[in-house]
Amino acid sequence: MFIPVAQSAFRALKQSSPRVRIFLISKNAYSSQVEYKPIRSVLVANRGEIAIRVFRACTELGIKSVAIYSEQDKMHMHRQKADESYIVGKGLPPVEAYLNIPEIIRVCKENDVDAVHPGYGFLSERSDFAQAVIDAGIRFIGPTPKVVQQMGDKVAARVAAIEAGVPIVPGTDGPVTTKEEAMEFCKKHGLPVIFKAAYGGGGRGMRVVRKMDEVEEMFQRASSEAKAAFGNGAMFIEKFIERPRHIEVQLLGDKAGNVVHLFERDCSVQRRHQKVVEIAPAPRLPQETRDKMTEAAVRLARHVGYENAGTVEFLCDESGNFYFIEVNARLQVEHTVTEEITGIDLVQSQIRVAEGMTLPELGYTQENIQPRGYAIQCRVTTEDPANDFQPSTGRLEVFRSGEGMGIRVDSASGFAGAIISPYYDSLLVKIISHASDLQSSAAKMNRALREFRIRGVKTNIPFLLNVLENQKFLHGVLDTYFIDEHPQLFKFRISQNRAQKLLNYIGEVLVNGPQTPLATGLKPADITPHVPEVPLVTEPPKGLRHILKSQGPEAFAKEVRSRKNLMLMDTSFRDAHQSLLATRVRSHDLLKISPYVAHKFNNLYSLENWGGATFDVALRFLHECPWERLEEMRKRIPNIPFQMLLRGANAVGYTSYPDNVVHKFCELAVQTGMDIFRVFDSLNYLPNLILGMEAAGKAGGVVEAAISYTGDVSDPARTKYDLKYYTNLADELVKAGTHVLCIKDMAGLLKPQAAKLLITAIRDKHPDVPIHIHTHDTSGAGVASMLACAEAGADVVDTAVDSMSGMTSQPSMGAVVASLQGTPLDTEFDLRDVSEYSAYWEQTRTLYAPFECTTTMKSGNADVYLNEIPGGQYTNLQFQAFSLGLGDFFEDVKKAYREANLLLGDIIKVTPSSKVVGDLAQFMVQNKLNADQVLERAEELSFPKSVVEFLQGSIGIPHGGFPEPLRSRVLKDMPRVEGRPGANLAPLDFDKLTKDLKESHPHISERDVMSAALYPAVTEDFLYCRENYGPVDKLDTRIFLTGPKVGEEFEVAIERGKTLSLKTLAMAEDLTPNGEREVFFEMNGQLRSVLIRDKEAVKELHIHPKANKSNKNEVGAPMPGTVIDIRVKEGDTVEKGQPLVVLSAMKMEMIVQAPKAGVVKKLEIINGMKLEGDDLLMQIE
């Protein structure tokens, strides 16, 4: 039953005059005269949640509460909760401030304090502190100094246990202070043994040793840790009991010799010998064992004359035998669970006993104390369970706690803005659940933990949730190996923390400017494009994809060829914005219009939406995953075939890859939603083309082999790429098994007359193969050329919706649709639908003003027939020229492009070969060189890398061979690639790549690995951005590019049914000492802020450098802390795993080991230096 506490009776007692009661005590340390003397004020010689716990008890009893605090704790909550608070330990290190006995006594004397409560940790088990308090005429709320000394001395406590007939574990007779003594004990008694701090507890300074060669190192670390925590490094050593349960009995004694137990707690769920979860009472403990254990605890307490609250700890083996470990002569962290099951307020009881009240007067007789239900306590700590529980420090940006029936929360730092420092214990909050049975209590705890939202530091909540859902835990099957033997406890569903990450991104944009380079000074329009409505409740009508998925690629090709009307491919989702807007259109805007396209344009041949430059740009500049883009588009457009651009053996990259990379890429693309692979090679190099075709076909995709077009087949003078060249190439591709033939006119050079000649010739030779024409409208003749192709027998032509067409993009969809209305080639699209579709893109295009091609290009230009610059490259080349300071010389760049092309042998120009020509052209203009000068000075010039690699044969062999003597003069004795570049490349080890990536990014997917195989450095940057800034693709485009205006309200839909309402409030003008600016937001009505380092301002400050996680030569601090030992110096040779540095934080020491073998090039630290997480320690090469 619960024990009622009569508050009115207590107050009456307090106000009455002191009473004297006489007790006849036969032995031990109890006083024969018990005086009742009310306590008017209590100073708590502690900090954090235990200080607040005592203050609350004082307030309920009408007692004044007094706090002390260190300089580092001046903003801490415990100081504010007390009636009075006083600083101690000015100028001392953070922990030592709370260990300064003279100053604490001085505060008590100067402020008329009646009693001191030590809390737990710090001075709570120091008998000299208890004696100093009493000598000063102040009451000590705890056992007598003699008992504190006796029980704090592990050896004396063992002797007392033996005298009281309590079973013990074999151990040293006294404290051990040297590693030689430790070694001698281990050799005599054998291993395993456990080192424990002789003058403190809580798991500090505790180590289990199972190997003789670890004894000395473990002893030194444990002793050093104990000294830092308790001021004394002496150790106690005892035999280690395998597979025990850790059970402790809560005791309460008074000055009259009465002792009762408040039953037991199971503390077996431990990590590094520190309790993580506690349960009361201990589940599945036989009643006989419980009775013997509690009786032994009471017997020991009476034997030593114990008064006030304390705990006797036991190890209990599988047979029910139990062994005394130690007495904690203080209040325990986990006292809360005992309070919940007994209804007894232990802190108030401590105070009442210190006043002189007896247990019977309090109503605490053993028969009246009965447990009710089960209570669980979880210690939420600021530690990262995914990183070996390393301490996590910083500012709590968000704190929202779990509450509700059966939940109690004891905390001190639980508020937004609280600073979690590395100086003290990592405990953030204690959560206690209480219910009628263990499973119900665990369910309440689980629910409460899931309600918590803590941002800014890592916590162990994911780990605690795994513990609470473990079936052995739920059934009370526990021992101290529980955590070690359940590795699944460390498999976490990581908190996404999307909202705070997005605030960090927006703050970064506001403080440091756009996070994607803007090509011009124009700003995105402040507009929300109108999305035309579609009946979302109905499925979109079927399209060609239905045939592809149900009957396969061959049937798909046959269906396309059988259609009598002209089919269209829409490039608005890829090539159009690549050509007009530097490929910068984001998934956010593409996905908005996708449902409309699915409903209104279901008869499209395909939608070009992926591959080529979009893959690279999505990762590099838009900070979004191209695979997610494809997947989300497929969800919204299930009926239209998707088409991608595959650069043959180059996949979607700019170089040759091992064959298995190309094959794996195609497999993953099909799995994610891709249908048609338009396979091309930048030089029409057949071996590269065939590899891409094989990869696409094997993956189950439609193979659309593309012939890259250049020259002019209607001009008899242009003989290198004549009609026969193209028809022969078409023959080879058909023979290789292509499902569809494509003419890829990447520069828009296919004139109407040439179109008729080329398409007619190919159609005559291959009447059953569908023909698809891709072009650009740079010259303005695109519509005419496409109509000519259609009349000559082409099945499909490319168009872009009107507002995204023309110039370097594709011909106008509306123009082609209108031109063929009422003819046998009628596209069967409604011009009104095209118009609505175009209106959306006309508005959306204004969001991308910084990348708008019309900034530099006002109209189409027929000089493309001279310079042959591909449409996708034209505007990019313009922007590059401007960025290189050649904006005024773009006409010269275009002329140089023509000269560079001829210098290189008049090659096919499409990515990556077009980049070779463009790089050479800009090189020529920058250095004021003409073609003759380049050729003459080729041996002395430093050419662009792409030019050198092309001449080496790194992207294939051009039609007609390499240009001589240019090649020989440039390369001299450099190596040359013979044959297909990828043929001699060893297969990529995907398993190794995955393992390497997971070292820095533990939660990557198969898609991320594939991206890294293609773009290693770019993917590394993307993964870092995603981990730090979250789903930035969900932000509106203007917000993403340039950030919101101060005072602006906006919404972010992070997923279906979850929308964030945000408002930008202000940005601080002052910098923090770390060079950060605070940016303030309102999110869902609550104030939020983020600290963003000002990259310009910090240039004037000395800020410790951070380790670059992608640079394996840089060793970073795995946790915040203080450098206490540096074991290497510059120039030392180190082996992998060799100890380098010892760090200390939150009373825990960590040895930083060498991640690789090498030589220490530079040390960035000195002893005593305080570090933040990821601060650079050293460089190893």
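Two strands are taken to pair if DSSP finds at least two bridges between them. In the predicted model described here, this criterion applies to an open sheet of 5 strands, which are arranged in the order β5-β4-β3-β6-β7 with parallel pairing. The edges of this sheet are occupied by β5 (84-87) and β7 (139-140), and because each of them has a single partner strand, one side of each is left without a neighbour in the sheet. The pairing of β7 with strand β6, which covers residues 115-117, is parallel and comprises 2 bridges, and in this pairing Ala115 has Arg139 of β7 as its bridge partner.

The sheet belongs to a protein chain of 1181 residues, of which 60% are buried, and the secondary structure of the chain includes 42 helices and 44 strands. The C-alpha trace of the protein chain extends over about 125 × 65 × 60 Å along its principal axes. Among contacts with a separation of 6 or more, 71% join residues that are 24 or more positions apart. The accessible surface of the protein chain amounts to about 45,400 Å², and carbon and sulfur atoms contribute 50% of this area. With regard to charge, the protein chain carries 138 positive and 152 negative charges, the mean positions of which are 3 Å apart.

An unreviewed UniProt entry lists Arg647 and Thr911 under "binding site". These residues are spread over 265 residues of sequence, yet they cluster in space, the largest C-alpha distance being 7.9 Å.

Arg647 is located in the loop that lies between β27 (642-646) and α25 (659-672). With a relative accessible area of 3%, Arg647 is classed as buried, because this value falls under the 20% limit. When neighbours within four places in sequence are left aside, the residues in contact with Arg647 are Gly612, Ala613, Val652, Gly653, Tyr654, Phe680, Thr911 and Tyr1015.

Thr911, the other listed position, is likewise found in a loop, in this case between α34 (890-903) and α35 (913-926). The relative accessible area of Thr911 is 22%, so this residue is partly exposed, a class that lies between the limits of 20% and 50%. Residues up to four places away in sequence not being counted, Thr911 touches Arg647, Tyr654, Phe680 and Ser682. The two annotated residues are thus described by the model as being in contact with each other, and Tyr654 and Phe680 appear among the contacts of Arg647 as well as among those of Thr911.

How values were computed. Residues numbered from 1 in each chain as written. Predicted model: local features only at pLDDT ≥ 70, side-chain atom pairs only at ≥ 80, totals over all residues. Heavy atoms only, no water. Helix = DSSP H or I, 4+ residues; strand = E, 2+ residues; numbered from the N terminus. Buried < 20%, exposed > 50% of the residue type's maximum accessible area, 1.4 Å probe, protein only. Contact = heavy atoms within 4.5 Å. Areas by Shrake-Rupley, 256 points an atom, 1.4 Å probe, with all protein chains shown as cover. Lys, Arg positive; Asp, Glu negative; His and termini not counted. Charge placed at Lys NZ, Arg CZ, Asp CG, Glu CD. UniProt positions renumbered as here; feature names shortened; annotations may be inferred.
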